[in-house]
Amino acid sequence: MPSSCWFIAAASAGTPSPPPPVLAAAGDGGNKSGTAPTRYNYKAMFVFGDSLADTGNMCANKSSADPILLTFAQPPYGMTYFGHPTCRCSDGRLVVDFLAQELGLPLLPPSRKKGVDFGRGVSMAIVGATALDFEFLKSIGLGYDLWNNGAINVQFSWFRRLLPSICRSRTPHSCRAYLAKSLFVFGSFGGNDYNAMLLFGFTVDQARNYTPKIVDNIARGVEKVIEMGAMDIVVPGITPLGCFPIYLNMLQTSNKSDYDHYGCLKDLNSLAIHHNSLLRTKLAGIQSRHTSSSPATKVRIMYADYYTNLAEMMRRPSPSPSPGGIAACCGAGGGEYNWEFDARCGMKGATACADPARFVCWDGIHPTEAANRVIAGGWLRGPSCHPPILKH
């Protein structure tokens, strides 16, 4: 399959909670309330991850890529906020964009963009990123170029190369202190590892066998950013895989018992819940190893939940006044999910729905800006980040 923007990155599971507060209206910029504690007046934000947080890395060299493969670089992507495609896999802003604006930071440039100031933040995230190294994926028969865009280990190499420009003339000690006053978002990772497996012939049980290794790689990445000086790290889980049109179309089954009451594939959601549970346990262990008697010097690891928010929104009937339903807003696939591989959003003939704000899913794989806004609100103030980023 071509390297189009059809990757799911993910997040947490658990008991459904009330919808989180929605952020202020589009274009509001940063947090003007002045109520955030001093520690949370972040100097910068640094992001690792996949298409859920890619602010343009996949398109950095698009002049040498076939535009047919880069469907997310075509209209109507970007229509809601930017008015044109920005290489984000949505109709507008991503969760990390909302976080940056609420924290008074600029929208993050992609790390592969030239001639940009990275001093206040940068995104290493890229479409197709995996937790598992590409060499390992090759060793289990999944060595497709699709999954060779920038795994965790590759994104770390990008970040290390950028450190001199991030820290500028600071000494190593002051650079570390600068990173300590910045927010790190590490993930989501894992969704594309499961994409690689499930969409290329692995069963759910076979994919589940690799969950411990996937989670271990994420945990090692968290430890690495702590070693570099990070103190506040948001670590998202993965999404409800079984509720997204890409899977519902490509892995559809005639057995009605394979689906839950809302039309989602139960086995895939069970896999996502398993991943998120293992991740939370692993993060709790890391947190316990990085304790401090002083709140000012204590590492704070925040597990961020994509799963519950998205699952709750997708259970609402569509269309509804707020984001709801399973079907994709953009595409030319028609049918129950409005998704077909050869008729994806950004391809010839594909159109967007009249009101993306009433949909959860933008292109069959990624959330709309409206859904991203809700998720970001839950991460900033609760209840879907543990602890919330702006916890007082």
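This passage describes a strand pair, a helix packing and one buried glutamine in a predicted model. Residues are numbered from 1 along each chain as its sequence is written. Local features need pLDDT of at least 70 and side-chain atom pairs pLDDT 80 or more, totals for chains, interfaces and linings use all residues, and side-chain values use heavy atoms, without hydrogens and water.

Strand β6 spans residues 324-328, and four of its five residues are buried, so the strand is largely enclosed by the rest of the structure. Buried here means under 20% relative accessible area (1.4 Å probe, protein chains only). Strands are DSSP runs (E) of at least two residues and helices runs (H or I) of at least four, numbered from the N terminus. β6 runs parallel to strand β7 (residues 359-361), and two bridges join them; pairing requires at least two DSSP bridges. Opposite Ala328 stands Cys361 of β7.

Helices α1 (residues 95-102) and α11 (residues 369-381) pack with axes 8 Å apart and at an angle of about 50°. This angle makes α1 oblique to α11, since angles under 35 degrees count as roughly parallel, over 145 as roughly antiparallel, 65 to 115 as roughly perpendicular and the rest as oblique. From α1, Val95, Phe98, Leu99 and Glu102 meet residues of α11 including Ile375, Ala376 and Trp379.

Gln155 is part of helix α3 (residues 152-167). Its relative accessibility is 0%, so Gln155 counts as buried. Beyond neighbours within four places in sequence, the contacts of Gln155 (heavy atoms within 4.5 Å) are Phe48, Gly49, Met124, Ala125, Ile126, Ala129, Gly150 and Phe189.

Terms used. Buried means under 20% relative accessible area, exposed over 50%, partly exposed in between (1.4 Å probe, protein chains only). Axes are lines fitted to C-alpha atoms, for helices over the stretch in contact, and angles run from 0 to 180 degrees between N-to-C directions.
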